[in-house]
Amino acid sequence: MKRKPWLIIAILHWILSFFTDPLIIGCEVKWVYAVWKAAFLLFVLVFYQAVGYIVQEYRSGNQAVRSVCRFGGVYFLIMLAFLLLTWPGIWRVDEYTILWSAMELHIHYWQGYLTSVYYILCLMMIPAPVSVILFMCLINSGIAGYLVYKLWMYTGRRKAAYLLYIPFLFFPVIDSNLYPMRMSIYAFLELLLLAKICFWNYEKRTPGKKEIFGTLLLAAVVTCWRTESIYYLILFPVLLAVFFWKRLKKKQIFKVLALYLVLSIVAVGIQKVGEQSGDEYEITAIIRPLTPLVVEAAYAGETDLIADIDKVINCAYIFQGASEGETGIGIFWRWSGNGLVKEGMYTEEDYRNMMKAYYTLILRHPKIFLLERWQTYKETTGILGRITDREPPSPAINAAVRNIVYSILELRSFEDYHTQGIGAKIVYNSIPPSVILLFGALILLLKKQLVYAGSVLMVFAKVPLIFLTAPSSLFMYYYSPYLCGWVLLFFAGLLLWNQKKAGKERG
């Protein structure tokens with residue numbers, strides 16, 4: 001590959017960004033801006049070398065690269081059409097805060113520092129909010145194209161491979177591809193990570209050092225980007241060990257596991273350090289089940305536990321909100337800036353005692369806790385309930401068309417955007433794909449297909465974890481199991497169908 005032309009393009013883009021940054025980025029601290037420009041230079045150098053490699057391989061006739069580009073290109077064109085119809089994409093709530101922070105080159109740790117890094121790099125590449133969604137569609141399309149290509153290779157049937165587009169064209173997937181939150185890209189990255197390990201196993205091959213390193217880097221990103229994925233630190237090394245056990249020497253396996261843990265711990269550590277500015281983020285994860293537990297504790301006369309909680313969280317607001325029919329997260333957002341969390345008034349020991357009291361209440365009143373968790377889980381069907389009406393961060397091409405497409409994708413009323421019918425509860429439902437993952441893993445375990453079973457369980461493991469800790473009733477929390485579950489069903493189903501058909505043709 002001729003590196004020089006792409007090196008020149010990268011440097012020219014970097015220089016040009018100094019003139020385009022002021023269109024959207026404002027940062028008065030010069031050293032902060034200098035650090036980000038240095039990071040952006042490194043990024044464009046890697047980005048354009050990757051583009052150059054793809055172009056070179058495509059021109060040289062690399063069938064794998066050509067096929068992935070073509071399959072991914074088809075999906076990208078579809079997403080681009082939806083992006084133009086909904087320009088500048090689907091913007092709802094939290095992503096505005098991430099965008100505003102990114103425009104000032106600040107990290108917004110509540111949504112993961114990697115999200116802010118991604119936003120900032122996108123804005124420096126193309127100085128417009130839509131760039132965040134455009135690059136996300138490009139990445140997700142590449143992953144979808146890669147999976148379609150693999151199915152084509154395994155079946156030898158192009159038409160069968162085309163059927164794998166179906167789960168990628170489900171309304172929730174299209175909608176998420178246009179929604180610039182971390183889960184929208186995280187789900188595809190997790191799908192790619194676990195698919196690669198399954199492909200290695202299916203092809204009975206041992207990947208090279210570069211491929212292993214790239215996969216471990218991807219695994220570190222998946223481990224870090226979503227809080228509930230912290231279990232990867234324990235389970236993913238087990239999956240790697242099972243896969244490599246008879247393929248590498250024990251010393252080599254140890255090095256692979258150690259490298260993954262180092263990369264992941266550093267990535268997670270940066271996030272944990274950034275979150276130390278306050279305890280409110282962790283409190284959002286418990287406030288919803290905590291509310292009915294505190295009310296039940298009051299009825300049971302457990303004043304000692306309420307007192308421990310009240311040192312950190314003002315229980316008066318919990319009682320008032322509960323009496324008015326508010327959920328815990330509703331109480332949090334209603335009074336979070338007005339003394340609900342007693343910032344600066346409690347010690348670390350007080351916080352630990354508050355958490356102990358919370359866990360004690362769960363053990364004493366498990367029925368109350370599980371009923372609340374089940375209710376929250378049931379309400380995750382449908383994409384969002386009532387959301388704030390906000391202007392998009394840049395003008396729509398056609399506001400009327402944009403609203404119509406939104407309503408179709410999210411199965412909302414054309415008259416009232418906040419109204420969703422029964423269709424939304426059916427389409428935006430994570431229960432069926434979660435069941436697919438569970439039963440798929442159990443069947444694979446019975447067949448002693450440990451690598452496949454472990455890969456599927458890696459995704460499913462977050463379902464009970466989210467069930468126990470979800471701060472609100474959002475379909476988004478379960479989007480990764482939703483995407484992975486449906487793709488698993490179609491990929492494995494088409495593969496098995498092809499094997500049976502090939503057997504009949506041979507017979």
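Residue L445 of this predicted model is placed in helix α23. With a relative accessible area of 38%, L445 is partly exposed, and it belongs to a nonpolar surface patch of about 860 Å². Besides L445, the patch is made by V238, V242, I431, V435, L438, F439, L442, I443, L450 and L457. Three helices each supply at least two residues of this patch: α12 (232-244), α23 (431-446) and α24 (450-460). Helix α23 provides the largest share, seven residues.

The interior of the model contains a largest nonpolar core of 122 residues. Within this core, the residues that touch the most other members are L147, F168, Y232 and F236. Apart from this core lies another, of 30 residues, which includes I306, Y317, A357 and L361. For Y232, contacts were computed with neighbours within four places in sequence left aside. On this basis, Y232 is in contact with Y186, E190, L193, L194, V222, T223, P237, Y260, M458 and K462. Y232 falls within the range of α12 (232-244), and M458 within that of α24 (450-460); these two helices also supply residues of the nonpolar patch.

Backbone geometry was examined at three loop positions. The peptide bond joining W87 and P88 is cis, with omega of about 5°. P88 is found in the loop between α3 (63-85) and α4 (94-103). The loop that follows α4, leading to α5 (113-125), holds L105. Phi of L105 is positive, near 60°, although the residue is not a glycine. L105 has a relative accessible area of 4% and is therefore buried, as this value is under 20%.

A positive phi is also found at L411, another residue that is not a glycine, where the angle is about 55°. L411 lies in the loop between α21 (399-409) and α22 (422-427). The relative accessible area of L411 is 28%, so this residue is classed as partly exposed, between the cut-offs of 20% and 50%. Of the two leucines with positive phi, L105 is thus buried, whereas L411 is partly exposed.

Confidence in the prediction was assessed along the chain. The average pLDDT is 91, and 96% of the residues score at least 70. The lowest confidence is in helix α14 (residues 280-284), where the mean is 80. The highest is in helix α8 (residues 165-168), at 97; the range of α8 includes F168, one of the core residues that touch the most other members. Where pLDDT is low, predicted coordinates should not be read in detail.

Conventions. Residues are numbered from 1 along each chain as its sequence is written. This is a predicted model: local features need pLDDT of at least 70, side-chain atom pairs count only at pLDDT 80 or more; totals for chains, interfaces and linings use all residues. Side-chain values use heavy atoms; hydrogens and water are left out. pLDDT is the predictor's confidence in each residue, from 0 to 100. Helices (H or I, at least four residues) and strands (E, at least two) are DSSP runs, numbered from the N terminus. A nonpolar core is a set of buried Ala, Val, Leu, Ile, Met, Phe, Trp, Tyr and Cys residues joined through side-chain atoms within 4.5 Å. Buried means under 20% relative accessible area, exposed over 50%, partly exposed in between (1.4 Å probe, protein chains only). Contact means heavy atoms within 4.5 Å. Patches are made of residues with over 30% relative accessible area and no salt bridge: like charges are joined within 9 Å, nonpolar side chains (Val, Leu, Ile, Met, Phe, Trp, Tyr) within 5 Å. Accessible areas come from the Shrake-Rupley method with a 1.4 Å probe; for residues, only the protein chains shown count as cover. A salt bridge is a side-chain nitrogen of Lys or Arg within 4 Å of a carboxyl oxygen of Asp or Glu.
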